[in-house]
Amino acid sequence: MISTQGEGEPPLLAQKFYDQLHETQMELKKMNFGVLALGDTSYAQFCKTGEDVDARLEALGAHRMLPLKNVM
Ligand SMILES: Cc1cc2nc3c(=O)[nH]c(=O)nc-3n(C[C@H](O)[C@H](O)[C@H](O)COP(=O)(O)O)c2cc1C
């Protein structure tokens with residue numbers, strides 16, 4: 001579960017997780033995941049961080065158990 005802050009950026013406390021997830025080349029084939037993205041439709045980059053995390057986990061080979069859910 002992750003929100004979006006700034007202009008489509010991760011919240012401060014999630015920045016390290018977000019950066020490392022995008023820097024690693026580790027294969028995550030044994031990982032199952034589902035992302036709940038919190039955001040606000042009044043922002044242009046609605047729920048972008050959650051969408052980024054969802055896409056990156058899939059790119060690293062993890063198995064999406066549940067479709068991405070955007071929550072306002
Ligand atoms: C400064 C600021 C920037 C934000 N930027 C975004 C954004 O780019 N995209 C988005 O979907 N939500 C954005 N939000 C909304 C937050 O994701 C939202 O407040 C958070 O999910 C918590 O929900 P709540 O305010 O209903 O408790 C922003 C909120 C703040 C305060």
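Helices and strands here are DSSP runs, at least four residues long for a helix and at least two for a strand, numbered from the N terminus. Counted that way, the chain of this predicted model has 2 helices and 5 strands. Read from start to end, these elements follow the pattern β-α-β-β-α-β-β.

As for overall dimensions, the C-alpha atoms fit in a box of roughly 35 × 25 × 15 Å along the principal axes. The radius of gyration comes out at 12 Å, which agrees with the value near 11 Å that a compact globule of 72 residues would have. Burial is counted at 17% of the 72 residues. Contacts tend to reach a long way along the sequence: of those with a separation of 6 or more, 75% link residues 24 or more positions apart.

The sheet comes next. Three of the strands make up an open sheet with parallel pairing, in the order S1-S3-S5. Strand S1 (2-3) and strand S5 (69-71) sit at the edges with a single partner strand each, so one side of each has no neighbour in the sheet. Between S3 and S5, which run parallel, there are 3 bridges. Leu 36 takes part in this pairing, with Lys 69 in S5 as its bridge partner.

What about the interior? The largest nonpolar core is made of 5 residues, namely Ile 2, Val 35, Ala 37, Cys 47 and Val 53. Val 35 is a handy place to start looking at this core. Val 35 sits in the loop between strand S2 (32-33) and S3, and counts as buried because 23 other C-beta atoms lie within 10 Å, where 20 or more are needed. Setting aside residues up to four places away in sequence, Val 35 touches Gly 50, Val 53, Asp 54 and Leu 68. Another core member, Ile 2, is 33 residues away from Val 35 along the chain, yet the two C-alpha atoms are separated by just 7.7 Å.

Cys 47, also in the core, is a loop residue too, placed between strand S3 (36-38) and helix H2 (48-59). Cys 47 has 25 C-beta neighbours inside 10 Å and therefore counts as buried. The backbone at Cys 47 deserves a look as well: phi is near 60°, a positive value in a residue other than glycine. For context, most residues other than glycine have a negative phi.

Tyr 18, in helix H1 (residues 15-23), offers another view of Val 53. With 17 other C-beta atoms within 10 Å, Tyr 18 falls short of the 20 needed for burial and so is partly exposed. Beyond its neighbours within four places in sequence, Tyr 18 is in contact with Pro 10, Thr 49 and Val 53. In the case of Val 53, 35 residues apart from Tyr 18 along the chain, the C-alpha atoms are separated by 7.3 Å. Val 53 thus turns up among the contacts of both Tyr 18 and Val 35.

Finally, there is the ligand. Its surroundings consist of 14 residues, the closest being Ser 3, Thr 4, Leu 38, Gly 39 and Tyr 43. Sorted by class, this shell contains 7 polar, 4 nonpolar and 3 charged residues.

How values were computed
Residues are numbered from 1 along each chain as its sequence is written. This is a predicted model: local features need pLDDT of at least 70, side-chain atom pairs count only at pLDDT 80 or more; totals for chains, interfaces and linings use all residues. A nonpolar core is a set of buried Ala, Val, Leu, Ile, Met, Phe, Trp, Tyr and Cys residues joined through C-beta atoms within 7 Å. A residue is buried if 20 or more other C-beta atoms lie within 10 Å of its own, exposed if 12 or fewer, and partly exposed in between; C-beta atoms are placed from the backbone. Two residues are in contact if their C-beta atoms, placed from the backbone, lie within 7 Å. Two strands pair if DSSP finds at least two bridges between them. A residue is near a molecule or strand if its C-beta atom, placed from the backbone, lies within 6 Å of it. Ala, Val, Leu, Ile, Met, Phe, Trp, Tyr, Cys and Pro count as nonpolar, Asp, Glu, Lys and Arg as charged, and the others, Gly among them, as polar. The radius of gyration is taken over C-alpha atoms; the globule rule is 2.2 Å times the number of residues to the power 0.38.
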